[in-house]
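Please walk through this protein chain with the coordinates open. The account below goes from the chain as a whole to one helix.

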Amino acid sequence: MRLFALLAGFSLCLSSTSCQSFGDSNDYIPLATPAPPQLSQPVSNALPHPANFPTRPVAIPSSAPRTPRCASACVMDALTGKVLFSHNGLQRRQVASTQKLVTAMVVLDHGSLDRKVVIQPSDTKADPTKLGFRAGETYSRRELLNALMIRSFNDVALALARDTAGSVPRFAQLMNAKARQMGMYNSRFANPNGLPADQYSTAIDMARCAYYVYRSPELRNIICKRQYAFTRANGRTLLLRNTNKLLNQHPWVTGMKTGYTNAAGRCLVSSAGFNGRHVIVVVLGCHPSRIWAESENLLKWALGAAA
């Protein structure tokens, strides 16, 4: 199967001069993110497009970027799903809170975001990053999803998982089913928050997830926010500032998700767009002091003079 995939990819490249990409010579890099099996038309036509959606493919730079100082990385065209660059892109590793992107996709698939969630005692048992709500408090799924994606609270992930599927193990099954639907065939998830467990993904798989997140008006509206005013059950307002520092550094950055555990290292899925061209960058297993610079370098490489 691997030989067939390599030959298939090689033959496609021979038929088109526009399919150049950079990365690991031993990796099979698919030219585009596959469409879900139930869709009979291309993903870009079948799914609703949010505002500020890419309108033309990224022009592939003439030379590769410098090798990123991280465990693995991937650069993907947000319009076509084409992998433009890969560094250990198929290496399986833990991805920390960036897998909350998959969590969010599952939550969106199962019920209205206006539905109320009553917090249960089991929802409060998550460290170290917590909103700190109490059993019996009530919030909408929309409020919780904003808190999850903007500030990455692990107890919020538990509440949404339990509300959606009844339990964390059942929610993990939904995550894995959604991952397969999105073409994430080198991923396995065991919890909704990315805390250490027997789970893994790859830089290319996380880029595939981000490709679908980019097509969700609800999630695009959340991940671009620099801050969010969360009203607690007691009426107090908590101002949540986005953990993605790139949003405050560049106007062309459009959002996505941060992550960190000792096992995963510093991780970041980021997205940016300029003049109709948009790109997704995944950096995994990076030193905390380099994560922003490494991600920014790959974003600028893909967008070129636009950035």
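Among the contacts in the protein chain with a separation of 6 or more, 65% join residues 24 or more positions apart. The model in which these contacts are counted is a predicted one. Its secondary structure consists of nine strands and ten helices.

Of the 307 residues in the protein chain, 54% are buried. The area that the protein chain exposes is about 13100 Å², and 52% of that area is supplied by carbon and sulfur atoms.

How far the coordinates can be read depends on the confidence values. The protein chain has a mean pLDDT of 87, with 83% of its residues at 70 or more. Over residues 1–19, however, the pLDDT is below 50; this stretch has 13 contacts in the model beyond near neighbours in sequence. Residues 25–47 also have pLDDT under 50, and for them the model has 51 contacts beyond four places in sequence. Predicted coordinates should not be read in detail where pLDDT is low.

Helix 4 can be followed residue by residue. The helix spans residues 141–151 and is mostly covered, with eight of its eleven residues buried. Which residues of helix 4 are buried? They are Arg141 at the start of the list, then Leu144, Leu145, Asn146, Ala147, Leu148, Met149 and Ile150. Here buried means a relative accessible area under 20%. Just after helix 4 comes Ser152, whose phi is positive, at about 65°.

Technical notes
Residues are numbered from 1 along each chain as its sequence is written. This is a predicted model: local features need pLDDT of at least 70, side-chain atom pairs count only at pLDDT 80 or more; totals for chains, interfaces and linings use all residues. Side-chain values use heavy atoms; hydrogens and water are left out. pLDDT is the predictor's confidence in each residue, from 0 to 100. Contact means heavy atoms within 4.5 Å. Helices (H or I, at least four residues) and strands (E, at least two) are DSSP runs, numbered from the N terminus. Buried means under 20% relative accessible area, exposed over 50%, partly exposed in between (1.4 Å probe, protein chains only). Accessible areas come from the Shrake-Rupley method with a 1.4 Å probe; for residues, only the protein chains shown count as cover.
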